[in-house]
Amino acid sequence: MGMGYKTSWLAVPGAGSGAVADALGLVGRVAMDWETGTEAAYRRGVFVASPVDGWTFAHGRIHLDHGREDDGPAVLDWLGSLGRRLGDLQYFRTDRIGECHGWARVEAGRVVRAYSYNGCTGDVPLRLGEPTEIERRLGVGQRGLEEGRENWGDAEWDDWHAAMPNEQNVMAIARNWGICPLEIPEGAPVDDGVHGLPPGVE
């Protein structure tokens, strides 16, 4: 229903949209349907949808996550703070223009897996926990900035780049972990969600 590519989102099982909006500290909340809220969140702020199949999505192109510039420790701190309020949740980010992709899983309030790749800088700023089965099957999420790379030849660099994720990998991981927003059918019977701004966004 319009959400997924070139954005970031949270998928939270068993929580209502109000609880997720509260955990994100959203202010200036306005009730919106899925299409309107999604379009708004691609421009500004965050849209928290009403639950679908037991999952609540929170989506924001610019304002959802903290530490977006590097997807480093600030993102882990932010996810941990959300986990302490919401328990279990998942985080995904994808942007094919800069080839910036990432995912994380929080269980019982603790970040157990996180990985991100920044194609603009050729960096892997975040790698925490062991790759999950779907990551191993896809061949992504396993490599970082290995020692000795300054001496790599073309073959080594080709292998490294081949192991970096793309947006389809992110969608496959989301699907395997629980739910992929691309697969929610148009016209699915969902109630209005809420659009708002995180703290510090004017």
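The buried residues of helix α3 pack against β1 (7-13), α1 (17-24), β5 (89-95), β6 (100-107) and β7 (110-118), where a contact means heavy atoms within 4.5 Å. Those buried residues are V75, W78, L79, G80, L82, G83 and L86. Buried here means under 20% relative accessible area, exposed means over 50%, and partly exposed is in between (1.4 Å probe, protein chains only).

Before going further, a word on the source: this is a predicted model, in which local features need pLDDT of at least 70, side-chain atom pairs count only at pLDDT 80 or more, and totals for chains, interfaces and linings use all residues. Residues are numbered from 1 along each chain as its sequence is written, and side-chain values use heavy atoms, with hydrogens and water left out.

Back to α3, which runs over residues 73-86. At 1.5 Å a residue its 14 residues should span 20 Å, and the end C-alpha atoms are indeed 20 Å apart, so the two agree; the expected span is 1.5 Å times one less than the number of residues. Just after the helix comes G87, with a positive phi of about 85 degrees.

Two other residues with positive phi aren't glycines, and they're worth a look. In general, most residues other than glycine have a negative phi.

| Residue | Phi | Place | Relative accessibility |
|---|---|---|---|
| K6 | near 55 degrees | segment before β1 | 28%, partly exposed |
| D53 | near 55 degrees | loop between β3 (46-48) and β4 (55-60) | 71%, exposed |

Now zoom out to the whole protein chain. It has six helices and nine strands, taken as DSSP runs (helices H or I, at least four residues; strands E, at least two) and numbered from the N terminus. With 202 residues, a compact globule would have a radius of gyration near 17 Å, and the chain has 17 Å, so it fits. That radius is taken over C-alpha atoms, and the globule rule is 2.2 Å times the number of residues to the power 0.38. Along its principal axes, the C-alpha trace spans about 55 × 35 × 30 Å.

Buried residues make up 52% of the 202 in the chain. Of the contacts with a separation of 6 or more, 61% involve residues 24 or more positions apart.

On the outside, the chain exposes about 9,300 Å², and carbon and sulfur atoms supply 47% of that; the areas come from the Shrake-Rupley method with a 1.4 Å probe.
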